[in-house]
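Thanks, everyone. Let me put the model up and walk you through a few parts of it.

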Amino acid sequence: MFARQQDPIVAIATAPGRGAVGMVRVSGRGLMPLARALTRRTLEPRLATYGPFLDAQGQAIDQGLALFFPAPHSYTGEDVLELQAHGGPVVLQLLLQRCLQAAADVLPGLRAAQPGEFTQRAFLNDKIDLAQAEAIADLIDASTETAARSAARSLSGEFSKQIQALLEQLTHLRMLVEATLDFPEEDIDFIAQADARGQLQRLQERLAAVMRRARQGAILREGIKVVIAGQPNAGKSSLLNALAGAELAIVTPIAGTTRDKVSQLIQIEGVPLHVVDTAGLREPQQPGVDEVEKIGIARAWDEISSADAVLFLHDLPRSQDPADADYRAADESIAQLLARQLPAAVPVLQVWNKTDAAAQTSRPEGLHISARTGQGLDGLRQALLEIAGWQSAPEGLFMARERHVQALQAVQHQLDQAQAQLACPAPALDLLAEDLRQAQLALSQITGEFTPDDLLGEIFSKFCIGK
């Protein structure tokens, strides 16, 4: 993966499309000859220079700003050249091609950058650690204000500082254990004199606090997938529209109106929720179910099978209508299918709709709402936050990813084993040392000190080109 990291690289660093300003970015060693070939000037470090960007014949491609950041005081830690021009796609492509053309004479080896390669170089050159690098992508992809602010905190190093503090405590404890193993003739009662149990307990308490914040950060980044399911005409599309605050799905009294899934990203207290409206669930053999609706029902079950939570929407009873018994029987059949198809960990929230039109005598267990009037929707939103595991955002919440949570869980497992070892009448210090070593390796993967190359490749490949 890193075989070509010495090559100079170039890319358009602004989003595709038209805009007021666009930028072409170059990173590598010895970029000043390329800057002179493009501008016919020697650029002052970190000083914006206005002028033409020239083609091979000396004709202006565009007028703009050129900025030169000499190593190591740049984003990547290498020389960086930024050409800020008008944001037309043709202009930027011409500038990109001109950079590659001019490099044949003054900067051999210049090539187009791969996704995330500028940030990858910042990581490899110790400008940022891996958690901060991921925070850059999270800041770009943030879908809520809370997510953006939390990603900014991670980028500033808040999460990394917490991990570093854990590493220092863990390293100190590990050092004491291994020193005792190296000098057994001293006959030191390590556990008592070094307060190994107390140090380990304090380390576990600190880890638990970081894990709570990391889980919240992971929820903030990933969100959860919520699928609205139920029989036709239960009000699923109306509920999606009410939660989204927009008319996204068609609503009619005709059964089977929704033929395919309709998805929308909404936010509740800054938490992103991917809400999916699905076709009404009924037996495909029922009269009036055509081939298109059958496909919609099959897709509804596919969405349900991958949900993090399901809102099982019911009609509240309106009267002593004889058809009500058939409706309840169909609901029970769907409930049994949900129980068989969903993992036990996936919650199914019972939601009763149309409180504005239902008989007031019947109040089945669950949440009672009216998608039409908005009654009960605040309670539903809070229930969704509880399902997500979200608590009120603590001050200084940082962004985290699922891999961070998994790494912290691995650390917790190793520390639990170390605690069990210390609880023995005659602890085996060599096993204790190994538990602490494994915990340190898992923790170091978060900041990238001991991260496999294949994981780094996966992380940076998901960045946009030019970042």
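Which residue in S2 stands opposite Ile9? Ser27 does. Keep in mind that this is a predicted model.

Let's stay with that pair of strands. Strand S1 covers residues 9–12, and S1 and S2 pair in the antiparallel sense. Four bridges hold that pairing. Between the two strands of this hairpin sit six residues. Look at Gly17 in the hairpin: Gly17 has a positive phi, near 110°.

Now S2 itself. Strand S2 spans residues 19–28. Is S2 mostly covered or mostly open? Mostly covered: of its ten residues, seven are buried. S2 also pairs with strand S5, residues 79–87. That pairing is antiparallel too, with nine bridges. For a landmark, find Gly22, which stands opposite Ala85 in S5. As background, strands of a sheet pair through backbone hydrogen bonds, either parallel or antiparallel.

Next, a pocket. Rolling a probe the size of a water molecule over the atoms shows where empty space is left. I'll take the second largest pocket, with a volume of about 320 Å³. Its lining has 18 residues. Which of them lie nearest the centre? Ile12, Ala13, Thr14, Ala15 and Pro16. Two elements, S1 and helix H2 (89–106), each give two or more residues to that lining. H2 supplies the largest share, four residues. What about chemistry? The lining of this second largest pocket splits into 13 nonpolar residues, four polar and one charged.

On to another sheet. This one is open, has six strands, and shows mixed pairing. The order is S8-S9-S7-S10-S11-S12. Which strands sit at the edges? S8, residues 262–268, and S12, residues 367–368. Each of these edge strands pairs on one side only.

Zoom in on the S8 edge. S8 runs antiparallel to strand S9, residues 271–277. Seven bridges join S8 and S9. One bridge to find on screen: Ile268 has Val271 in S9 as its partner. Then there is helix H8, residues 196–222, which packs on the sheet. What does H8 touch there? Strand S7 (224–230) and S9. The direction of H8 makes about 45° with that of S9.

To recap. S2 pairs with S1 over four bridges and with S5 over nine. The second largest pocket draws on S1 and H2. And H8 packs on the six-stranded sheet, touching S7 and S9. That's my tour. Questions, please.

Technical notes: Residues are numbered from 1 along each chain as its sequence is written. This is a predicted model: local features need pLDDT of at least 70, side-chain atom pairs count only at pLDDT 80 or more; totals for chains, interfaces and linings use all residues. Side-chain values use heavy atoms; hydrogens and water are left out. Two strands pair if DSSP finds at least two bridges between them. Contact means heavy atoms within 4.5 Å. Axes are lines fitted to C-alpha atoms, for helices over the stretch in contact, and angles run from 0 to 180 degrees between N-to-C directions. Buried means under 20% relative accessible area, exposed over 50%, partly exposed in between (1.4 Å probe, protein chains only). On a 1 Å grid over the protein atoms alone, a cavity is a set of points where a 1.4 Å probe fits but cannot get out, and a pocket is an open set with protein on both sides within 12 Å along at least five of seven lines; lining residues have an atom within 4 Å of a point. Grid points are joined across faces, edges and corners, and a volume is the space filled by probe spheres set on the points. Ala, Val, Leu, Ile, Met, Phe, Trp, Tyr, Cys and Pro count as nonpolar, Asp, Glu, Lys and Arg as charged, and the others, Gly among them, as polar.
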